[in-house]
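Me: I have a chain on the screen and want to work through its fold and its interior. Can we take it step by step?

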Amino acid sequence: MKRSAVPIALSLLFSLAACTSPGVEEPTPTPSLLPSPSASAPLILDDGKGDRPTMPEDLSQDMAYLYDFFFSERYDRQVSDEFSLTGRELPGRGMFLLYEPYVNQLEGAVETTADGDGMTPYRLRQYRATLESGTLLVGTHYYEPDQLEYLSYLWTDIPGMKTVREVAVGSSEADLLRAYPEQLYYLTAQEASPGIWSLEPESDLSPSFDCAYTWQPYTQENNDCRDITFYLKDGTVTAIEISSPYELRYVYGYDRDAGLETANANRAALDG
C-alpha cells in the first residue's frame, strides 16, 4: 500500500508541553559522559512560589496567557518511566526522563540555544554528546529568566541505550514488537523523519534504516502526544527517539489504520 511521506516541522518537537489533538481517535568499561556526580535538580516549592514562569518585562499583555501555568503541572506531574532512556553512559542514576528538570552534565557536549519557534514561553536548548559508539542528543525547554530547563527530546544511536521496556539500540524487531503490543505504528523509510530535530543544520543524525515503528499512547482522555520512535535496519534497532511534540505526529498524509495493522500483522507473524 502506497503511503505518502509526512513533512514534520521543528516546531512540533519543541512546542508547548500540553498536546493538541488533530482529531485522531486513538565486559569492556563503557566510556562515561559524566565528569562528576550529578547535581541536585531545581526544587519546586510546596507553596507554589517559583512554580510559575517569569514573564519578560516587555511582554505584551495579550501574550501573558502563555505564562499562566505551573511548572509542576506542565512538567513534573507528567514525568513517566515510559518516556525514559537508560544507559551506563548517562550521568547520575543512568536515566533521563522526559519532562524532568535538567542540569547538563554531558562532558564535552556541544550546546546550542535558539529562540522558540512560534508562540512559546521558552527558548530551545540542545546538547549533543558524541562517543566512539554513537551520539546522544538532548533537547530542553529553556526558561531563561528562571534558569530552568525541562527535558523535551532524546535521540541516540549508542548501542545498549534502552527504554524502560528493555528495547535497546541493538534489539531485534521481534523484541520491539513483543515489548510494545499496543499502539505501535509501522512507518516506511519514506514516512519516518529521523534526526531532523537538531538545531545544528550542518549535523546529520539520520541513521541508516529501512523502516521504523512509533509508539504513541495517545487517547482523547489522556491527551498525551509524547511518542517513542524506533528506527530499524535489517531487523535491528539502530536508533531511538523520544519526543514531546505540540500535536500528535504521523497523522496528516499518513494512513494510521494501515500503520497499526502492519505492526499487528508483523507481531502475529512472530508466532507463525
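Me: How much area does the chain expose, and what share of it do carbon and sulfur atoms supply?
Reply: This is a predicted model, so the figures are computed from predicted coordinates. The chain exposes about 12,800 Å². Carbon and sulfur atoms supply 49% of that area.

Me: How many helices and strands does the chain have, and which kind of element comes last?
Reply: There are four helices and 10 strands. From the N terminus the order is α-α-β-β-β-β-β-β-α-β-β-β-β-α. The element at the end of that order is a helix, α.

Me: What percentage of the residues is buried?
Reply: Buried here means under 20% relative accessible area. The chain has 272 residues. The buried share of them is 51%.

Me: Which residues touch the most other members of the largest nonpolar core?
Reply: In soluble globular proteins, nonpolar side chains tend to be buried together. The largest nonpolar core here has 34 residues. Elements that each supply at least two of its residues include β4, β5, β6 and α3. The residues touching the most other members are Phe 96, Leu 136, Val 138, Tyr 180 and Phe 230.

Me: Which residues of β5 (134-143) does Phe 96 contact?
Reply: Neighbours within four places in sequence are left aside. The contacts of Phe 96 include Phe 83, Leu 106 and Leu 151. Those that fall within 134-143, the range of β5, are Leu 136 and Val 138.

Me: Is Glu 149 buried or exposed?
Reply: Glu 149 sits in strand β6, residues 148-156. Its relative accessible area is 9%, and the cut-off for buried is under 20%. Therefore Glu 149 is buried.

Me: Which side chains make polar contacts with the side chain of Glu 149?
Reply: The residues that Glu 149 touches include Glu 100, Tyr 127 and His 141. One polar contact of its side chain, at 3.4 Å, is with the side chain of Arg 125. Another, at 2.8 Å, is with the side chain of Thr 140.

Me: Why is β10 largely enclosed by the rest of the structure?
Reply: β10 pairs antiparallel with β6 over four bridges, and seven bridges join it to β9, also antiparallel. β10 is largely enclosed because, of its eight residues, the number buried is seven.

Me: Which residue in the hairpin of β9 and β10 takes a positive phi?
Reply: Within this strand pair, Thr 229 has Glu 241 of β10 as its bridge partner. The hairpin has two residues between the strands. The residue with a positive phi, near 55°, is Asp 234.

How values were computed: Residues numbered from 1 in each chain as written. Predicted model: local features only at pLDDT ≥ 70, side-chain atom pairs only at ≥ 80, totals over all residues. Heavy atoms only, no water. Buried < 20%, exposed > 50% of the residue type's maximum accessible area, 1.4 Å probe, protein only. Areas by Shrake-Rupley, 256 points an atom, 1.4 Å probe, with all protein chains shown as cover. Polar contact = N/O pair within 3.5 Å; in protein donor to acceptor, adjacent residues only side chain to side chain. Contact = heavy atoms within 4.5 Å. Core = buried A, V, L, I, M, F, W, Y, C linked by side-chain atoms within 4.5 Å. Pairing = 2+ DSSP bridges.
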